[in-house]
Every structure is written in structure tokens, then in C-alpha cells.
Amino acid sequence: MADRYLSFTATAPGRLLTRRLGLPQPAALSRWTAERPALEGHLTHLTAGGPTALDLAPVLARTGLPAEPTGSARSTGAKGSGGTTASSGPAAVVLDATGVRDVDALAEVHAALHPVVRSVAASGRIVVLGAPLDARDHHQAAVQQALEGFVRSLGKEIGRGRTVNLVRLTDASAAESTLRFLLSPKSAYVSGQVIEVGTEEVAGFPGSDGPVDWALPLAGRTALVTGGARGIGEAVAETLARDGAHVVVLDVPQAEEDARRVAARLGCSALTLDITAADAGERIAAELPDGLDVLIHNAGITRDRRLVNMPADRWSTVLDVNLASVLRTTDALLAKGALRAGGRIVATASIAGLAGNAGQTNYGASKAGVAGLVRSLAPRALAEHGVTVNAVAPGFIETRMTAAVPLFIREAGRRMNSLAQGGLPVDVAETTAWLAHPASGAVNGQVVRVCGQSLLGA
Ligand code: NAI
């Protein structure tokens, strides 16, 4: 649904009026298109806390963003890759802070970013790299955790459609798919996130056989998207198909026409099935005798009422669609070996599940349950099946679901985030595609919010 305020603020009178009245001024976000697949501008690579063991330069070079051009001398003590500043600001800044181990070194984070932050281009990216927290060194843990507060605060103040995220890692090449995603227009609505990237795949379960095809990463793979007939699910199906997957669009029998329309448009197939059926997992496995590689649990419903007014059936319907069916089908497909090694499961949580939301005790419970499922199952699914398990947690996304929300609550939901606008289904789809990527095998057990850094539960 159209965000008229966003269109109005893009006009000259709209800009003037909203500035005068002190109203939010959302920036038009640059999203991925085939014509403009990359950020426009250069990448500045900075280091805080001294040299680190990360072999970052080759990975950053492969993002396709040109390194900072040489120009006038940088007026900072922090170390930049070229030691120079360009006349126009960077489209992306990567700050390697993995070597920060004490409060003095934390000052280098300030020294590195303070001079460049103003010049970062609109819709630009700041990615801070941190180290895993060291349980045996509380000084290291304190300052590495400090990076989280720093990133979340900078995300809230930076504006102009720019995003700030933190990646905790020890191996740059294992994080390549994550860095490519965060340093691209595909992550337009992902900000204020902390993403942990592991080191390697479990032995015997390589994430991809052979080199990754970055243009068509899912070629030869089969992906199933529940609730794929419309809204976010339709965008996920489209994005996975763009990445080369054969997609099976699953939806309820009542949505058969829409499911077939989407499948025909994408050259994929449709499967009508109510995901709450006790034998849904078995029926999916029967439909896909060769197995599948990517399972997207997207189907979800709301039946909002405050608890005091909520009849039991509204509670149980939501819990059944949003959580019980996700648990049942996941268990059935893993038990049958229907998910091939190197497979990916991406479930759909919600910020309502992380932060809570009045009128949504049933929905919030179901979506928090999804996050619990992901965190518990992820290490075992990887060890036993070679399959990663992650979740996306959308914030306010412009769909039929949110179009039905009363006007004032809808406006509040849209504006109460660092980007001052709602996200689009494609923002969730791009995040899902990154988690489903064959090179994302070291990303496991993560719940990544796609919410423009919503103030809810932030
Ligand atoms: P939507 O209502 O537009 O689409 C949901 C789809 O799931 C529909 O095609 C529907 O027929 C299908 N579905 C419902 N029950 C099903 C069942 N039992 N079996 C098979 N398919 C079923 O919803 P939207 O907005 O696209 O949301 C998609 C997911 O994202 C849901 O899990 C939702 O909870 C979640 N989400 C959405 C947010 C938003 O702002 N739109 C925010 C946070 C989470």
C-alpha cells in the first residue's frame, strides 16, 4: 500500500513543510535492481584497536565496491586502508574493530568514524566488525559488547537512509555472503542489527559443492515457500527464483488461484496445502521425492484481541499456523532426510515476538516461539543434517496484513523506526535470500530483524 507521506516528503514543498514543522523526513531508500545492483560509490576500510588477524581485504575487494580513491590526507589517527580521504564521501565504511580489547582502544572507534560519518553517502552503509565476546576476559567482553550499543545508537542518529550494523566474526571468508549483503542495496531496511558469523561448516556437510555462483547462487536448488501466494511470501518466491532456485509456492486451497498465478509468473510450481495439516511434512516430502534445499516458513496469520477479550480459538489458530505447524513440518522433513545437506531453513518471526505488542499476546507468543525454535535447533540441525536454521523478524512491512491496521496505529508503526518508513516485502525477501545462500553456511541460529531499526524492542 502506498505511503503518501513518504511521496509528499520527496517533493520540494513537502520537504520545506516537514522541516518547518519538525516532522520526520524519511529518505527514499535505494534498493537492488538489475540495473543498479551495487551501492554507488567507494568503500572505506578502517581499523580500530590495532592490526587484526582478519584477512579482510580480499573479501572486501570481491564485493565489487571500489576502494577509497587517493586524495587529501585524512585528519585522523585511525588507520585507513589508503590513509586518504576522497572528495566525495564513501558509499560504505567497514570498520574492523575485532582487535579492540580495552577502553583505550575503544577511543579508536570514535577516532575512525567521527571524521567520516558526516560524509557517508545517502543510503550508505556502515558495517562494524567485532570479535566474539571472550568469556575469560571481561575487559574484552565489555568493550566488544560496547560496540553493540555504539552501533545501535549511531543507527538511530545517522539518518538519510544510511544503515549501521555489527558483525561478530573470526573468519572473513566465512562472512563473505554476509558482508556482500550488508554492503549492498539488498539490505536497505536492515539496520541496528548484530549478526554472529561462525567459522566453518561442520565437517562432512559442505554448504556448497564447488565454487559459489554469486550471480545465480541457488541454481539447481529447490526452495519451498509457505504462504507464497501473496505479500512477503510472494516476494520471497520471486527473489529466490531470481537467484536461480526452482520454487514451490505453497498456500492454502482457498489461495490456489493466486498461488498458481505466482508460480506461472516465476516459471515455478504451486502446491495447495494447509500447513496446519497433521501430515503436511509428509505431503511436502511426497511432492518433492528428490528432496529440497531451502525451506521458508513464511505462512502466518494474526487474530488480534487483548487477552481479556480473546476466545480460546483465536489463541489456538494463531499458535497452530505460526508455531506448531513450523515445528511439525520442520521435524517431519528433517526426520525423513528430505532437506538435503547444505540446506537452509528460514523461519519468520516478528518484532512483535521480540518486543511484545498490545493486542497480540497470541501472535507475540507464536513469533517468540519461532525465535526459540531457531536458537535451539540450529546447532543440532547443522551437526546432524548439515542444515542451517535462522529467522527473519520483520517490523512494519507494507502488505495487506498491515494495510488492515487502523490509520493512526499504522502511521505510528511506519514512522517509529530509524528510517522513518515501512519496509517493503522485498526487504524481507532479500534478507531471506542471504540466509538461504549456499555461502551462508556459517550463519546459523540468528534472528535478524528487518525493521529499519524499529523503536519497538530495540
Ligand atoms: P499475508 O497475510 O499477506 O500472507 C500470508 C500468506 O500465508 C497468505 O497467502 C495466506 O494464505 C498464507 N497462509 C495463511 N495460513 C496458511 C496455512 N495454514 N497454510 C498455508 N498458507 C497459509 O501476510 P504477510 O504480511 O505477507 O506476512 C508473511 C509473514 O510475515 C507472516 O508469518 C507474518 O506473521 C510475518 N510478518 C509480517 C509483518 C508485516 O508487517 N506484514 C511483520 C512481521 C511479521
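User: What makes the nitrogen atom of the ligand and I275 a polar contact?

Analyst: A polar backbone atom of I275 is 3.0 Å from that nitrogen atom. A polar contact is a pair of N or O atoms within 3.5 Å; within protein, one must be able to donate a hydrogen and the other to accept it, and residues adjacent in sequence count only if both atoms are side-chain atoms. The 3.0 Å pair is therefore a polar contact. The model is predicted: local features need pLDDT of at least 70, side-chain atom pairs count only at pLDDT 80 or more, and totals for chains, interfaces and linings use all residues. Residues are numbered from 1 along each chain as its sequence is written, and side-chain values use heavy atoms, with hydrogens and water left out.

User: Why are D293 and R340 called a salt bridge?

Analyst: Their closest N and O atoms are 2.8 Å apart. A salt bridge needs a side-chain nitrogen of Lys or Arg within 4 Å of a carboxyl oxygen of Asp or Glu, so this pair qualifies.

User: Why is D293 called buried or exposed?

Analyst: Buried means under 20% relative accessible area, exposed over 50%, and partly exposed in between (1.4 Å probe, protein chains only). D293 has 6% relative accessibility, so D293 counts as buried. Its partner R340 is at 29%, so R340 counts as partly exposed.

User: What makes D137 and R101 a salt bridge, and how accessible are they?

Analyst: Their side chains meet at 3.1 Å, N to O. D137 has a relative accessible area of 21% and is therefore partly exposed; R101, at 41%, is also partly exposed.
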